[in-house]
Amino acid sequence: MKFFIDTANIEHIEEAQNLGILDGVTTNPSLMAKEGITGRVNILNHYKNICEIVDGDVSAEVIATDFKNMIKEGEELASIHNQIVVKLPMIKDGVKAAKYFSNTGIKTNLTLVFSPGQALLAAKAGATYVSPFLGRLDDISIDGLNIISEIREIYDNYNFETQILAASIRHTMHIIDCAKIGADVITSPLSSIVGLLNHPLTGIGLD
Ligand code: G3P
């Protein structure tokens, strides 16, 4: 299972990278704003800096919600660095844009996915990644892990190559459960990743 970090915070990205377990990064406009990164040029530069720290894929999200502007924005993002994955929302034009990019060899991540049907469309469009939001489903009393299991079953039935990227991870048990049900990737805040280190018996043994 690949470990991505879900942040635009450079210190957190560097810490995960230095731990030697990082396979990529996911970001979104809200995470950028949280770090005080605003304005087109600053955002593009920040993505470039992130790509220079990590070896793997870096998801960069479009803001447009119509096909034409998603393509324009996605192409600009993809031109920053060959590690950039264009992150698109799970709406009709997002699916169309994922298909367009899959035909042109640009990697995509279909985000804001909350159902197996949406994930099926993402795979049919040739998305590189599909991002079901585990925590946000749990927040509304829908079993997010079950949705990911259903997506796993559907993808395995047809050997779809789209990778299941479990997002909206809130704690260490989400990561362990995703590993048990065969998610291809988890994207998580640093706290949940380093939280996996903790066991009282390790500390006692060390003492
Ligand atoms: O990758 C998507 C993720 O950022 C959403 O997480 O915690 O806002 O539900 P959260």
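**Exercise 1. Find which helix gives the most to the lining of the second largest pocket, then describe that pocket.**

Solution. The model is a predicted one.

Step 1. The helix to pick is α3, which supplies four residues of the lining of the second largest pocket, the most of any element.

Step 2. Place α3 in the sequence: α3 spans 40-53. Along with α3, both α2 and α4 (67-78) supply at least two residues each to this lining.

Step 3. Add the volume. The second largest pocket holds about 220 Å³ of space. It is lined by 14 residues, and R40, I43, E61, I63 and E73 are the closest to its centre.

Step 4. Sort the lining by class: nine residues are nonpolar, one is polar and four are charged.

**Exercise 2. Locate the pocket that holds the ligand and describe its lining.**

Solution.

Step 1. The ligand sits in the largest pocket. The volume of the largest pocket is about 480 Å³.

Step 2. Look at the residues around this space. The lining of the largest pocket consists of 26 residues, with D6, N28, L31, R136 and S168 nearest the centre.

Step 3. Assign secondary structure. The helix α2 (29-34) and the strand β5 (108-113) each contribute at least two residues to the lining of the largest pocket.

Step 4. Sort by class: the lining of the largest pocket has eleven polar, eight nonpolar and seven charged residues.

**Exercise 3. List the residues that surround the ligand, and state which polar side-chain atoms lie at a given distance from a ligand oxygen.**

Solution.

Step 1. The shell around the ligand consists of D6, N28, K87, F133, R136, A167, S168 and R170.

Step 2. By class, this shell has four charged, two polar and two nonpolar residues.

Step 3. Take the distances in turn. For S168, a polar side-chain atom is 2.6 Å from a ligand oxygen atom. For R170, the distance from a polar side-chain atom to an oxygen atom of the ligand is 2.8 Å. For N28, the corresponding distance is 3.5 Å.

Step 4. Finish with the area. On its own the ligand exposes 310 Å², and the protein buries 79% of that.

Methods
Residues numbered from 1 in each chain as written. Predicted model: local features only at pLDDT ≥ 70, side-chain atom pairs only at ≥ 80, totals over all residues. Heavy atoms only, no water. Near = heavy atom within 4 Å. Polar contact = N/O pair within 3.5 Å; in protein donor to acceptor, adjacent residues only side chain to side chain. Areas by Shrake-Rupley, 256 points an atom, 1.4 Å probe, with all protein chains shown as cover. 1 Å grid on protein atoms, 1.4 Å probe; cavity = no way out; pocket = protein on both sides within 12 Å on 5 of 7 lines; lining within 4 Å. Sits in = over half its atoms within 2 Å of the grid points. Nonpolar A, V, L, I, M, F, W, Y, C, P; charged D, E, K, R; others polar. Points joined across faces, edges and corners; volume = space filled by probe spheres on them.
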